[in-house]
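Please look through the model shown below before reading on. The paragraphs after it are meant to be read beside the structure.

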Amino acid sequence: MDDTSMRLMASSRHFGEEDELRSSSILNREIPSSLVERILGMGIADWTEPGWIEDSELGLRRRLCVPVRYHGLPLGYMWLIEWPAHPIAPEDVERAVAAAGQASALLFRSRLMHERLSNRHEAMLRELVSSDEAARSQAVEDLRAEQVFPEHAQPYQVLAVRTSTSADTPTGDPELQQAVREIAGRLPPGTAMAVAGPARAWLLLAGPEPWSDLRIKSLKSQIADRLATGTSGEPGVTFGLGDVVTELSGLHLSYRQALMAARAADLVTSFSPFARWADLGPYQLLLRMNSSDIAAVSSVPALQALQAADHHGTLLESLECFLDEAGDVRRAASVACVHRATFYQRLKRIEDVTGCDLSSGSDRLMLHLALKIRTLAPKSGPPGP
């Protein structure tokens, strides 16, 4: 028996009469997404009565598919593989339909209990990262009382997921909420919990040891792949990872860091699609500004004048490269792949247009901050050069 996503829920013993697909499902608890698409493409999601499917190309022997539904709500599929020595008779089909009916009642009750528990835990997690210290303390007590996490200190970390500003739907991806909750639900108890909405979600990562880079990468890939196979097409999401904390009471710090890192991954191309808070450098400070402040600061007259005179964007790129390389012209010219003489000419042109002195520490600081803040400013109107 599989759930609606074709992940194994239960199986009977077999005696050498399994096919390739059954073996793969039992060993891996699921089958490859390409096969899921092929099988669901046969229309079984709309079936209300049992039917037969077969596909030798997929290694799928002839089998009976019995939809598991509770008052019309799809909960999964029951499969009976037919073998020449053991044909499935009409009375076997009737027994399978009866068994699927019993299973649907059990699954529906289990789903209700799971959803109630998940909703309660999600409410606790929201309080755990709130700005109210008293609410955070109560959430820690509630989670400990339900034995969700141990009493002793252990690593906790937040991974944030947000809909990218480049996505087609400004209100978010309606599948993001379902995808994050579904994938978090597959993970071992006590290792991950999710709070999800259509535009933004986050996962609490826990365990005796901090999550490894490989494990986090796998989790991100699962979410992106799950969204890519949904109705919305290509995933428009970015990820941000906060620092590790060792107490639940400090999780709100990792939470805010993760949200800002995800925002950086969305707005700053060099970070996309995944940013760690620890790697943000000056953006750790700049991202604390609100959108209106960012828009105001990014519109400094010197940069506006430079952009108006810089029809190909060369001067802006050269200025940022020069400042990123701490004013080292030789290194900046090498990074920009131009001769030093050419780079000096560009710097002279920048000084003439902006009225700034690039040998002045104050002017350089002002321009450097304005350039970095400019990447965070809301984009409006036609794109610049």
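What follows is a walk through the sheet, the cores, some loop residues and a pair of helices.

This is a predicted model, in which local features need pLDDT of at least 70 and side-chain atom pairs count only at pLDDT 80 or more, while totals for chains, interfaces and linings use all residues. Residues are numbered from 1 along each chain as its sequence is written, and side-chain values use heavy atoms, with hydrogens and water left out.

A good starting point is the sheet. In the order β5-β6-β4-β7-β8, 5 strands form an open sheet with mixed pairing; two strands are taken to pair if DSSP finds at least two bridges between them, and the helices (H or I, at least four residues) and strands (E, at least two) are DSSP runs numbered from the N terminus. At the edges stand β5 (192-196) and β8 (274-276), each of which pairs on one side only. On average, neighbouring strands of this sheet are turned by 15° against each other, direction ignored. Such angles run from 0 to 180 degrees between N-to-C directions, and the axes are lines fitted to C-alpha atoms, for helices over the stretch in contact.

Beginning at one edge, β5 pairs with β6 (residues 200-206) in the antiparallel sense over 5 bridges, and M193 has L204 in β6 as its bridge partner. Across β5 and β6 lies helix α3 (residues 90-128), which runs at about 80° to β5.

Further along the sheet, β4 and β7 run antiparallel and are joined by 5 bridges, with L159 standing opposite L241 in β7. By contrast, β7 and β8 run parallel and are joined by 3 bridges, and here F239 stands opposite F274 in β8. Is strand β7 (residues 237-241) mostly covered or mostly open? In β7, 5 of its 5 residues are buried, where buried means under 20% relative accessible area, exposed means over 50%, and partly exposed lies in between (1.4 Å probe, protein chains only). Both faces of β7 are covered, with V237, F239 and L241 on one side and T238 and G240 on the other.

The sheet leads on to the nonpolar cores, each a set of buried Ala, Val, Leu, Ile, Met, Phe, Trp, Tyr and Cys residues joined through side-chain atoms within 4.5 Å. The largest nonpolar core has 24 residues, and among those with the most contacts inside it are W202, L204 and L251. At least two residues of this core come from each of α3, α4 (133-145), β4 (156-163), β5, β6 and α7 (251-267), and α7 gives the largest share, 5 residues. A second, separate core of 22 residues includes A192, A194, V237 and F239.

Some loop residues also deserve a look. In the loop between α7 and β8 lies P273, which is joined to S272 by a cis peptide bond with omega of about 0°. Q147, in the loop between α4 and β4, has a phi near 55°, a positive value in a residue other than glycine, and Q147 is exposed, with a relative accessible area of 70%.

The last stop is a helix pair. The axes of α10 (residues 301-309) and α13 (residues 340-354) come within 8 Å and cross at roughly 120°, and the two helices are therefore oblique to each other, a word for angles that are not under 35 degrees (roughly parallel), over 145 (roughly antiparallel) or 65 to 115 (roughly perpendicular). Where they meet, A302, A305, L306 and A309 in α10 face R349, I350, V353 and T354 in α13, contact meaning heavy atoms within 4.5 Å.
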